[in-house]
Amino acid sequence: MREHKKMKILDWERSFPLLEQITKRNPVLWLNPKYKRSPVHSSLTERDVKDAEQRLTRFAPYLAKVFPDTQKTKGIVESPLIRIKAGQAEIERRYICSIVGDLWLKADHELPISGSIKARGGIYEVLTHAESLAMEHGLLIQDDDYSILANESFQQFFSSYKIAVGSTGNLGLSIGVMGAKLGFQVTVHMSSDAKLWKKDLLRSRGVEVIEYDSDYSKAVEAGRKQAESDPKIHFVDDENSETLFLGYAVAALRLKKQLDEQEIQVDADHPLFVYLPCGVGGGPGGIAFGLKLVFGEHAHCFFVEPIHSPCMLLGMMTGEHDGVSVQDFGLDNRTIADGLAVGRASGFVGRVMDPLLSGIATVHDEELYKLQALLIDSENIHLEPSAAASLAGVLQVTSDSVGQTYLPKHQMENAVHIVWATGGSMVPVEQMNKDYEIGKRIWEDHQA
Ligand SMILES: *Cc1c(COP(=O)(O)O)cnc(C)c1O
């Protein structure tokens, strides 16, 4: 098998010249040759996404009741869309480049409950599971006011059920906080790169955290195994869950409303570019899927991955999807971007993305620190390094020579670029300051 794989890699190196750059860990921009402008064709549909949106609306009274920070949005877990004019100018100044079009930031780092993009998929999956359990047992109907779920009797009911998940951190945080709030017994299997503060926070909410001194895939595998042995455990499968995926996709319907409110048009002359940091793929994949349903060929979605963990890029480029890992190509999957430290992408997501995704950019860890610091200096917006990858995406696509071939220049003039800021507000101040100092120092060294 190993020899076989080596032969294949030699073949791929001949077929995909970019592979040499990827294995040398040079940042690249890959444009997806399978990208099609035709409408979304998938077993998942707009109806599924609307169904997910309605489920979240049913739960809104419950969330508003148990999570005070969702009260001002009446229990709808959503983030603002922010025009970052100063950030755009500062990127252009420091990188000596020009971003044609307007730069906006989707502030998922501010999402209530868990402070990252995972508050979309993770919470949605827990709620879906809770709803189906309660309905199966005749405790809940769709027309109920779901705030009754906060009652002691429901806590009692859910406490005989378990939820398990394997995570690099943020998914565990969302599932753990939401699951524990409902009353479930939650176990989070954490990879070695998960930050201590995330483990501490979960334990403080009564979540069981099991640590592994290996990477994300191993943590997931352990979780899956544990769940197989017990029918009362619901395993949240980050690699294969359609439920998670749909929870993320709802973001697109909400973004459409926000763009309408800002009177931002999306059409052939006003293309929408969206840059999404990618780990296993569910979050960015779900959102991109939703955007393609809503905006069709006028939405242009790009993923961004660390140069040490370009799992989606390798999977999609070779067509092997989850059949290959970054380790197969001599990469080590070591990155400071803990939400993105994934060595093997979701095959399910990769296949859905084949005709929908415009491309993938890769980024150096050092650049993540720099962009994180730049955004703090220019906008006072505090992201975690993973989320700063979105800014690397817009830089690659607008200033790289490959990126400039993507759309004719005249179409770019009215482009709207949205960097998806996937996390940050839960990061402890000391950690944030440490990261900021690193970024600042790198900028200073470059100037010297
Ligand atoms: C999880 C995560 C992502 C990527 O989501 P995937 O579903 O793993 O691809 C991006 N940014 C942050 C901060 C994350 O936690």
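Contact here means heavy atoms within 4.5 Å. With that in hand, welcome to four close-up views of this predicted model.

**View 1. Lys198 and its surroundings in helix H8.** Look for Lys198 in helix H8, which covers residues 196–204. Setting aside neighbours within four places in sequence, Lys198 touches Gly169, Asn170, Leu173, Met190, Asp338 and Glu384. How buried or exposed is Lys198? Its relative accessible area is 1%, and buried means under 20%, so Lys198 counts as buried.

**View 2. The ligand and the residues around it.** Here 16 residues surround the ligand, and the closest are Lys118, Asn170, Gly279, Gly281 and Thr422. Asn170 may look familiar, being one of the residues in contact with Lys198 in the previous view. Two glycines offer backbone atoms to ligand oxygens: a backbone N or O atom of Gly281 lies 2.7 Å from an oxygen atom of the ligand, and for Gly282 the corresponding distance to a ligand oxygen is 3.3 Å. Thr422 uses its side chain instead, with an N or O atom 2.7 Å from a nitrogen atom of the ligand. Taken alone, the ligand exposes 380 Å², and the protein buries 99% of that.

**View 3. Helix H3, with a kink at Phe59.** Helix H3 runs through residues 46–66. At 1.5 Å a residue, its 21 residues should span 30 Å, and the C-alpha atoms at its ends are indeed 30 Å apart, so expectation and model agree. Do follow the helix closely, though: a kink of about 45° sits at Phe59, shortly before the proline Pro61. Phe59 is also one of the buried residues of H3, along with others including Val49, Leu56, Tyr62 and Leu63. The buried set also includes Glu53, Arg55 and Arg58. Which helices help to cover these buried residues? Among what covers them are H5 (118–136), H7 (170–182), H10 (242–261) and H11 (282–295).

**View 4. Ile360 in strand E10.** Strand E10 spans residues 359–363 and holds Ile360. With a relative accessible area of 0%, Ile360 is buried. Beyond its neighbours within four places in sequence, Ile360 makes contact with Val28, Leu29 and Trp30, with Phe302, Phe303 and Glu305, and with Met312, Leu313 and Met316. Another residue to find in this view is Cys301: Cys301 and Ile360 are 59 residues apart in sequence, yet their C-alpha atoms are 8.7 Å apart in space.

Terms used: Residues numbered from 1 in each chain as written. Predicted model: local features only at pLDDT ≥ 70, side-chain atom pairs only at ≥ 80, totals over all residues. Heavy atoms only, no water. Helix = DSSP H or I, 4+ residues; strand = E, 2+ residues; numbered from the N terminus. Expected span 1.5 Å × (residues − 1). Bend = angle between axes of the 7 residues up to and from the residue. Buried < 20%, exposed > 50% of the residue type's maximum accessible area, 1.4 Å probe, protein only. Near = heavy atom within 4 Å. Polar contact = N/O pair within 3.5 Å; in protein donor to acceptor, adjacent residues only side chain to side chain. Areas by Shrake-Rupley, 256 points an atom, 1.4 Å probe, with all protein chains shown as cover.
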